[in-house]
Amino acid sequence: MNGSSALLEIKEVSLTFKNVAALSRVSCSVQKGSISSLIGPNGAGKTSMLNCISGRYTPTKGKISMDGRELSGVPAHKRTGFGLARTFQNIALFRGLSVLDNLMVGRHSRLNYGLLASIFYLGKARAEETRHRERVEDIIDFLNLSPYRHQIAGHLPYGVQKKVELGRALAAEPELLLLDEPMAGMNLEETEDMARSILDINEEWGVTVFLVEHDMGVVMDISDHVVVLDFGRVLASGTPEAIQNNPKVISAYLGDDDGLYKGR
Ligand SMILES: Nc1ncnc2c1ncn2[C@@H]1O[C@H](COP(=O)(O)OP(=O)(O)OP(=O)(O)O)[C@@H](O)[C@H]1O
């Protein structure tokens with residue numbers, strides 16, 4: 001982790017659905033260059049927070065800014081232009097496209113000739129496609145996806161699909177990568193592989209990472225900073241060590257089936 005400036009700043013964000021307060025005056029920040037995690041029991045508001053950051057949901061109150069620029073009013077599809085990319089809790093790939101084409105789709109915010117032209121190699125798009133393809137190939141190598149390059153995404157094992165989704169988010173060259181439960185449903189080997197990839201993306205590519213994750217072993221291993229939500233409020237934030245020893249956090253998790261120390 002380098003420096004101490006906030007890349008993402010969340011100020012007093014509230015989000016209400018009819019009678020449910022999913023988030024209540026949440027304030028926290030993600031430091032540039034860090035791996036930060038958002039944890040909390042089921043229903044605490046973690047995905048709602050990611051959705052507010054990525055623009056899927058509009059906060060009822062409060063402000064979110066990225067590198068000092070406020071995101072309010074910026075539609076989700078334009079937030080890649082602010083350096084944001086995300087993955088989803090349930091994999092959201094183009095299941096009928098190859099791994100390569102899924103990553104090219106992730107690059108569409110950087111293509112001048114448009115998504116369809118890039119996929120179908122039309123006219124001038126071909127030269128541009130070659131340039132972007134090189135970048136995509138770098139990502140494929142980096143994530144060890146080479147054996148799957150031309151395979152149809154929907155036919156791949158679950159853990160590989162999760163990595164393809166990570167690759168697609170990376171293809172947009174984000175400054176901040178939002179990951180919603182990257183380890184969910186993975187076996188131990190896949191989990192360790194994904195954790196290694198996240199560390200490498202952060203260390204070698206300098207991408208700041210903000211992740212929601214239930215696997216506490218991974219969270220405590222790879223995070224510089226942890227924010228704990230409970231009933232839509234910030235219960236605590238600090239280093240993994242401080243969080244693990246915080247009595248309020250321990251007691252919030254004791255009532256949760258997952259427990260704080262799920263172990264790996
Ligand atoms: N679209 C929605 N409409 C109505 N209520 C919602 C919606 N999205 C979330 N909620 C409610 O907001 C609260 C927070 O949900 P959220 O999914 O953000 O929690 P979470 O911490 O991500 O949970 P989990 O760990 O189970 O994924 C819950 O009470 C949930 O039912």
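Which residues are buried in α1? Here are some notes to help you find your way around.

1. Start with the answer to that one. This is a predicted model, and in it K46, S48, M49, L50, N51, C52 and I53 of α1 are buried. A residue counts as buried here if 20 or more other C-beta atoms lie within 10 Å of its own. Helix α1 covers residues 46-54, and because seven of its nine residues are buried, the helix is largely enclosed by the rest of the structure. Just after α1 comes G55, which has a positive phi, near 95°.

2. Now look at the ligand. Around it you'll find F17, V20, A22, G40, N42, G43, A44, G45, K46, T47 and S48. Two elements, β2 (20-31) and α1, each give two or more residues to this shell. The biggest giver is α1, with three residues. So K46 and S48 turn up twice in these notes: they are buried in α1, and they also belong to the ligand's surroundings. By class, the shell has six polar residues, four nonpolar and one charged.

3. Next, the sheet. It's an open one with six strands, in the order β6-β7-β8-β3-β9-β10, and the pairing is mixed. At the edges sit β6 (84-86) and β10 (233-238), each of which pairs on one side only. From one strand to the next, the twist averages 20°.

4. Zoom in on one pair inside that sheet. Strand β3 (residues 35-39) runs parallel to strand β9 (residues 225-230), and four bridges link them. If you want a spot to click on, try I39: its bridge partner in β9 is V228.

5. What packs on the sheet? One element is α1, which touches β3, β6, β7 (176-180), β8 (208-212) and β9. Its direction makes about 145° with that of β7. Helix α6 (residues 188-205) packs on the sheet too, with β3, β7 and β8 as the strands it touches. For α6, the angle is taken against β8 and comes to about 150°.

6. Last, the domains. The assignment for the protein chain gives domain 1 as 1-83 + 174-190 + 207-264, and domain 2 as 93-173. Eight residues from domain 1 and eight residues from domain 2 make up the contact. On the domain 1 side, the residues touching domain 2 are four nonpolar, three polar and one charged.

Note on methods. Residues are numbered from 1 along each chain as its sequence is written. This is a predicted model: local features need pLDDT of at least 70, side-chain atom pairs count only at pLDDT 80 or more; totals for chains, interfaces and linings use all residues. A residue is buried if 20 or more other C-beta atoms lie within 10 Å of its own, exposed if 12 or fewer, and partly exposed in between; C-beta atoms are placed from the backbone. A residue is near a molecule or strand if its C-beta atom, placed from the backbone, lies within 6 Å of it. Ala, Val, Leu, Ile, Met, Phe, Trp, Tyr, Cys and Pro count as nonpolar, Asp, Glu, Lys and Arg as charged, and the others, Gly among them, as polar. Domain bounds come from an automatic or database domain assignment. Two residues are in contact if their C-beta atoms, placed from the backbone, lie within 7 Å. Two strands pair if DSSP finds at least two bridges between them. Axes are lines fitted to C-alpha atoms, for helices over the stretch in contact, and angles run from 0 to 180 degrees between N-to-C directions.
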